[in-house]
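The following note is offered in reply to the request for comments on this entry. The points are numbered for ease of reference and grouped by structural element.

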Amino acid sequence: MSTSETPLVRVLDETGKVAPTPAAEQYLPLIEAIPDDELAQFYRDMVGIRAIDTQATNLQRQGQLALWPPSRGQEAAQVGSGRAARAQDTIFPSYREHAVTRIRGVDPVDIIKLMRGVSHGGWDPTDPKNGNTRLYTLVLGSQVLHAAGYAMGLTFDGRTGTGDPARDEAVVVYYGDGASSQGDVHEAMVFAASYQAPTLFFLQNNHWAISVPVATQSRVPLVQRSAGYGIPSVRVDGNDVLASYAVSRVALDEARAGGGPRAIEAVTYRLGAHTTSDDPTKYRGDDEELAWAGRDPIVRMRAFLENRGAEESFFADVDAEAADAAEDLRARTVQLGPPRADLMFDYVYSEPHPLIEEQKAWRARYEASFEGEGQ
C-alpha cells in the first residue's frame, strides 16, 4: 500500500480551516465537544514549549548545555496526545517529548539538568508532581520495551479493563521513525499484542532518523509495521493538534477498556536539527524545510482560533507567557552551576561497590595533589 493510499486523519488543513479527511469523520463529534478553554490551552501549550525549546537551543549554543534535542515542528503531535492522556496513565518518553513532559508536570529545568550533566535522570518519576512520567531514554527504542512490560503488569494486577474509566490505566510510549527500525520496538509489540497490554505506541514520524530519510528505512508507511502485529493502527496528521488529540483520546479509551494495544503514526516534520550536534544542511535541502514550514502546527492552530473569534489580546497574552517561561528557564539554568565532579560515581550501582569507592577515592587524591601548585 502506498502512502497516498493510506488513510490519514486530518481535521484542519494547512490554512487552519476545518476540512476533515474521510478518515477523520468518525472523530468529529469528539472534536466538536472540546470546550473553548481546552482549545485555547492546546495553543498555549504549543507556543510555550516552542519558546522554551528555542531558549534551550540557544543555551546550548552558548555553552550552558552539552546537548539539546529540539522539538520544533512536532508540537501538535505531542500536545494533542499529551492532553488526551488521563492523570492515571503512565508516560514513557524518548528524549524529545518536551511538550508532553511539561503537560504532565515535569519542570523543563529538570530536562536541562540532564542535558547539562548535573543529573543522571533529571527528575524523580515516582514523585506525583511529575505525572507518572518516566525518564528520558537516549538508548534508541529501549523505552518501548519498558512501556510494554509496564502495561503487561497493569493487566496482571487488574488495573485496566475493569469497566471503571476513572480508575483504569494505560501506557503511552513515544518513539521516532528511526527507532521504529529497532528490534526493541518490534519485540515490545509482540508482547503487547500477545498479552493485550494497554499500550499506546505513539510514533512521531518526523521524516529523518538523523540523516537517514524515512523512505530509506521503510518501503511502506510505518503505520503498517504495528498493524502487522494485529495492533489497530491509525495514521494521523501530526501537525494537526485536533486530530492528534482525538485519535489519541479514542485509542487510549479503547486500551484502558481492555481492548489491548493501539498504535498511532503521527506524520510530522523536524524543522530543526536532530540535536544541537547535528547539521541538517548536510543531508536535506531548503525546499523541503520551507515546504514543511508552511504546515507549521502553531500557525495552523492560530488561524483556526482566529476563525472562531479569538481576539488579538489572547495571542499577545500567550506570547508574553511563553517569553516569561523561556526567560525563567534561562535564569534558572545559569544558576545551576557546574556538576559535582564526584557525581559520576553516584548511583552506578544500587548498593555501595568497592571498585567504585576506590575510583572515587583515587580521583579525590589526584585532585588534591594539585593543591598549592604555583603558589
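**Comments on the predicted model**

1. The coordinates discussed here are those of a predicted model. The points below should be read with that status in mind.

2. The strand β3, residues 199–205, is mostly covered, with seven of its seven residues buried. In a regular strand, the side chains alternate between the two faces of the sheet. Here neither face is open: T199, F201, L203 and N205 are buried on one side, and L200, F202 and Q204 are buried on the other.

3. On one pairing, β3 is joined to strand β2 (residues 171–176) in the parallel sense, over six bridges. Within this pairing, V171 has T199 of β3 as its bridge partner. The connection can also be followed through the chain: β2, helix α7 (residues 183–194) and β3 form a β-α-β unit, and this unit is right-handed.

4. Strand β3 also pairs with strand β7 (residues 262–267), again in the parallel sense and over six bridges. Two positions illustrate the register. F202 has I264 as its bridge partner in β7, and N205 stands opposite V267 of β7.

5. Strand β7 is likewise mostly covered, six of its six residues being buried. On one side the buried residues are R262, I264 and A266; on the other they are A263, E265 and V267. The charged residues R262 and E265 are thus listed among the buried positions of β7.

6. A further parallel pairing links β7 to strand β6 (residues 233–237), through five bridges. In this pairing D237 stands opposite V267 of β7, the residue that N205 also faces. Strand β6, helix α10 (residues 241–259) and β7 make up a right-handed β-α-β unit.

7. Helix α7 packs against helix α6 (residues 142–156), with the axes 7 Å apart and at an angle of about 15 degrees. Angles under 35 degrees count as roughly parallel, and α6 and α7 are therefore roughly parallel to each other. The crossing of α6 past α7 is left-handed. The contact involves S142, V144, L145, A148 and M152 on the α6 side, and D184, V185, E187, A188, F191 and A192 on the α7 side.

8. Two backbone positions deserve a check. Most residues other than glycine have a negative phi. H207, in the loop between β3 and β4 (208–209), has a positive phi of about 80 degrees although it is not a glycine. I210 is placed in the loop between β4 and β5 (212–213), and its phi is near 55 degrees, also a positive value in a residue other than glycine. As to its surroundings, I210 has 41% relative accessibility and so counts as partly exposed, a class that lies between the 20% and 50% cut-offs.

9. Is K17 buried or exposed? Its relative accessible area is 52%, and K17 is therefore exposed, the cut-off being over 50%. K17 lies in the segment before α1 (28–32). The C-alpha atoms of K17 and L305 are separated by 9.6 Å, although these residues are 288 apart along the chain. Leaving aside residues up to four places away in sequence, K17 touches V11, L12 and N307.

Key. Residues are numbered from 1 along each chain as its sequence is written. This is a predicted model: local features need pLDDT of at least 70, side-chain atom pairs count only at pLDDT 80 or more; totals for chains, interfaces and linings use all residues. Side-chain values use heavy atoms; hydrogens and water are left out. Buried means under 20% relative accessible area, exposed over 50%, partly exposed in between (1.4 Å probe, protein chains only). Helices (H or I, at least four residues) and strands (E, at least two) are DSSP runs, numbered from the N terminus. Two strands pair if DSSP finds at least two bridges between them. A crossover is right-handed if, with the strands pointing away from the viewer, the path from the first strand over the helix to the second runs clockwise. Axes are lines fitted to C-alpha atoms, for helices over the stretch in contact, and angles run from 0 to 180 degrees between N-to-C directions. Angles under 35 degrees count as roughly parallel, over 145 as roughly antiparallel, 65 to 115 as roughly perpendicular and the rest as oblique. A crossing is left-handed if the near helix is turned anticlockwise from the far one by less than a right angle, and right-handed if clockwise. Contact means heavy atoms within 4.5 Å.
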